[in-house]
Amino acid sequence: MRYLPNSEAERRLMLEACGASSLDDLFAHLPDEVRLNRPLNLPSGKSEYEILDYFKARGAECAADYACFLGAGVYRHYRPVLADVVASRGEFLTAYTPYQAEISQGILTSIFEFQTMICQLTGMEVANASMYCGSTAMPEAALMAARITGRERMLVSRAVHPEYRESLATLLRNVNLPVAEFGYDADSGQANLDEMERLLDERTAAVIVQSPNFFGVVEEMKEAAALAHGKGALLVHVFTEAVSLGLLEPAVDADIVAGELQSFALPPSYGGPCAGVIATKEKYVRQMPGRLVGETADTRGNRAYCLTLSTREQHIRREKATSNICTNQALVALMATVFMTVYGKQGLRELAAQNLAKSRYLASRVPPRFTGPFFNEFVTAPGPRAPEEINRKLLGRKIIGGLPLGRHYPELAQSMLLCATEMNARSEMDALAEEFAR
Amino acid sequence: MIRKVSPHITQNEPLLFEISSPGKRAWQLPELDVPAVDPAAALGPGHVRREIEGFPEVSEVEALRHFTRLSTWNYAIDLGMYPLGSCTMKYNPRVNEAAARVEGLLWAHPYQPEALSQGAMKIFAALEEALVEITGMDAATLQPAAGAHGELTGILLARAWLESQGNPRKIILAPDSAHGTNPATARMAGYEVQNIRSNDLGMVDLAALEAAVNEDVAALMVTNPNTLGVFETDIVKVAGILHAKGAQLYMDGANMNALAGIARPGDFGVDVMHLNLHKTFSTPHGGGGPGSGPVAVKRHLEPFLPLPRLEKSGEGWRFDYDRPASIGRVKAFYGNFGVLLRALAYILAHGADGLKAATMDAVLNANYIRKRLEPYYDLPHQAPTMHECVFSDHRQARLGVRTMDIAKRLIDYGFHPYTVSFPLIVPGAVMIEPTETESKRELDLFVDAMISIAREAETDPDLVRKAPHSTRTARVDEVSAARRPVLRWKPR
């Protein structure tokens, strides 16, 4: 096996030192009943060439050369070369969690920069070092809100990503935190704040609203915050399309932001790994889950960074921890950090503006179903033909159409969700529109 | 005598925000091929933000140098051994990185048609099948995003099964040697946690277990080999005690690197377990993620696995969403695909023989370190060592040198520290896991360093206490960091 560095001679020397005559001797204390007395039923080891061949063949079975109008939580954005260059450096790629600050200042510094940029983007005061993904950050934000308010009920907009809501339900079901949902306005596609207001009560810990929402529509976060706060509940702002923050007013009135940063240099990669994040107000930091990096000094008085406030965490607090989470998504958060650096203050705005222009062009050819303002995604109802049928036809033109909404929204069974980013050329959009018009 | 490293110059580098200057750019977008749009008109003026205050503006070369300079301040597997116990810091094969960047896989959208996703689904299926064979379980889900997430999924599965039997029960048992995630997970799944003491060998005390298990106990969470690197030789009896009362045996698979190809949890009574692909299966730690924590189960738990389930359909694969007993989703989409495929590449490279050979070398390396360090460090538990060994600072503490000091001094010798002060049942723990991908040469350098530090503790304890001396950053003040948290940069 080529990854094993020792020669037979070295193994013999080491065995001798251990007082063992064979490798098997080292396992002699294992009871017979637990031993596997046959080889694993797996193929023999493969060369590098064969391995790459296998994965290239698998890649060819996916849709490599199709135009794509899917978004819905995973977005196709151009990935600056520097993101892979930086994340491929062994010193980042193959480093452990930076507990040993003296030899981890590179990671720690980049995370501190990440936390800062997330605050700047979201209008929050503190951000953690990243989470698994948006769909797990959202339930963690809900648990956090329950701890802060001492209340147990969650109110969630139905225009929040359906798979995020399913993940929330799985987690909250077993800890006696009931979840209620409120609908969306059938015209605007925005969360129905009247219904939300009716459902709000003194037991409500948090109201969870995604903006832009699953339909791509921008929500009225100020109003949602005022209503939630009026009943002593917190507002959780969820986002899945981070590029929107380049243009959209951040929800500064929210108490917790739970977001997904996949758009920042992470490839779609069939849905993972992604990079979630939680940001909040300073006063709630001790209830925030996840790793945090703080600034301090070393014994020579030089600026230094370290993991901090770890008394919230499982390795110290065990069953009293804020979460069982013990890692962030450091490497992909680093890619997001590089992305934010490359685009910077002007570039991110410009990128968001291009997305807006692309989606408006597409919307000029394929009319949106909802009237609310949207960013780079919108719902369309193609008319007499079912979305699935149109999608089948589009495949013939090497185009992957939008996401049919029937599975999660039976009332929108005749609709699909379309996304246009800077990656979608005008010619692709024209071809899509032609098929719609047929 | 420090043989492994020599000092060299590293570059200083301010924060991005401090090198930022208005008008600098590292980006250029293609010219728009559609009409530009006025954001205020399109979104409504109230929805459009002013500029992102404080966001960096740097040139491309400055951006590249910034992150490259930062990278040189890190230790990494690519630079040398990482003797972190329970972390399995092994070599990360680079062909796995190349595999993950195959275009069709990189750009596969989770909602693209199944007919156009068969390659990705085959990768899921192949990995699932391999993990089931390696663990001896009956089915697996690849959805959980990390080890702790897998634990939570696994306990929710046990809970769902117990509920289907009429009662989810109240208590999760965990040995006092358990990872901190175990009790934290149990709480997140709605359980109370009760600790079970270890016996003198460092194993689960059967009498204590027998006394604790009753109809209120949902499961025992056990790590095997445990965090002392000791195989729980009574594991079949442990399973018997639990099953007799209708409780489940959960195995934390963090230490699977000691077992692959040698013994299978499914064969010794485990009902449900998670694996850490970023440990046993070599996917890069990346400075703390992304990981992946698949969960493998016995047949009785299979109906409860998260949605959707991969299912064979004629010649191909499809996702089955119609599984009424499922605990539901634990995250959006299907799992950390990019991590999962790296783990499959690792398994393909090894094959059956290679996996077993890797396990044997991992155990040999740990035994070699134990044997060579035993004369110098206290070894509180004498049971045979599997993939890691746990010493204590007992002898050095009498000289005023603690495990953290020894760990920090290792840095001067060119090594990452071992795991400090864990497991909790060993006061002043020195927990060492070499993995199979360290050569005898690297191990000897490590052992020599540890011996040299043991001597320094006697002759010059202050040298050890104030270490590291050679790093660009000296010991950091973690107390002030926590007392007055500065968690973001602000202009002065």
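Two residues are in contact if their C-beta atoms, placed from the backbone, lie within 7 Å. Keep that idea in mind as we walk through this predicted model, starting with one helix of chain B.

## A helix lying on a sheet

Helix H10 of chain B covers residues 235–244 and lies across strands S4 and S5 of chain B, running at about 140 degrees to S5(B). Which residues of H10(B) are buried? They are B:Ile235, B:Val238, B:Ala239, B:Ile241 and B:Leu242. These buried residues cover an arc of only 160 degrees around the axis, which puts them on the same side of H10(B). A general rule helps here: an α-helix has 3.6 residues a turn, so residues three or four places apart point the same way. And what covers the buried residues of H10(B)? The cover includes helix H9 (206–212), S4 and S5 of chain B. Just after H10(B) comes B:Gly246, with a positive phi of about 75 degrees.

## The sheet of chain B

The strands under that helix belong to an open sheet of 7 strands in chain B, ordered S1-S7-S6-S5-S4-S2-S3, with mixed pairing. At the edges stand strand S1 (139–141) and strand S3 (192–196) of chain B; each has a single partner strand, so one side of each is left without a neighbour in the sheet. On average, neighbouring strands of this sheet are turned by 25 degrees against each other, direction ignored. Helix H6 (residues 118–135) of chain B also packs on the sheet, where it touches S1, strand S6 (272–275) and strand S7 (295–297) of chain B. The direction of H6(B) makes about 125 degrees with that of S1(B).

As a reminder, strands of a sheet pair through backbone hydrogen bonds, either parallel or antiparallel. Strands S4 and S5 of chain B take the parallel option, and B:Val222 has B:Met251 in S5(B) as its bridge partner.

## Chain A and its strands

Now for chain A, which has 13 helices and 14 strands. Its C-alpha trace spans about 80 × 55 × 50 Å along the principal axes. Of its 438 residues, 63% count as buried. Among contacts in chain A between residues at least 6 apart in sequence, 71% join residues at least 24 apart.

Chain A has an open sheet of 7 strands too, in the order S2-S8-S7-S6-S5-S3-S4 and with mixed pairing. Its edge strands are S2 (126–127) and S4 (179–182) of chain A, each pairing on one side only. Inside this sheet, S7 and S8 of chain A run antiparallel, and A:Ile256 has A:Thr280 in S8(A) as its bridge partner.

Another pair of strands to look for is S9(A) and S10(A), which form a hairpin with 5 residues between them. In the turn, A:Gly301 has a positive phi of about 85 degrees. Opposite A:Val293 stands A:Leu307 in S10(A). Why is S9(A) described as largely enclosed by the rest of the structure? Because 4 of the 5 residues of S9(A) are buried.

Here are three strand pairs from the two chains:

| Strand pair | Residues | Direction | Bridges |
|---|---|---|---|
| S4 and S5 of chain B | 217–223 and 248–253 | parallel | 5 bridges |
| S7 and S8 of chain A | 256–260 and 276–280 | antiparallel | 5 bridges |
| S9 and S10 of chain A | 293–297 and 303–307 | antiparallel | 5 bridges |

## Domains

Chain A is divided into domain 1 (67–78 + 345–437) and domain 2 (81–338). Their C-alpha centres lie 27 Å apart. How many residues meet where these domains touch? There, 24 residues of domain 1 of chain A are in contact with 23 residues of domain 2 of chain A. Helix H11 (330–365) and strand S11 (377–380) of chain A each supply at least two residues of the domain 1 side, and the largest share, 7 residues, comes from H11(A). By class, that side has 14 nonpolar, 7 polar and 3 charged residues.

Chain B is divided into domain 1 (16–71), domain 2 (95–348) and domain 3 (354–478). The C-alpha centres of domain 1 and domain 2 of chain B lie 42 Å apart.

## Where the two chains meet

Finally, the contact between the chains takes 170 residues from chain B and 159 residues from chain A. Helix H11 (residues 337–373) of chain B gives the most to the side of chain B that touches chain A, with 24 residues. That side of chain B divides into 100 nonpolar, 41 polar and 29 charged residues.

Notes
Residues numbered from 1 in each chain as written. Chains lettered and ligands numbered in written order. Predicted model: local features only at pLDDT ≥ 70, side-chain atom pairs only at ≥ 80, totals over all residues. Nonpolar A, V, L, I, M, F, W, Y, C, P; charged D, E, K, R; others polar. Buried ≥ 20, exposed ≤ 12 C-beta atoms within 10 Å, placed from the backbone. Pairing = 2+ DSSP bridges. Axes fitted to C-alpha atoms, helices over the stretch in contact; angles between N-to-C directions. Arc of directions from axis to C-beta. Domains from an automatic or database assignment.
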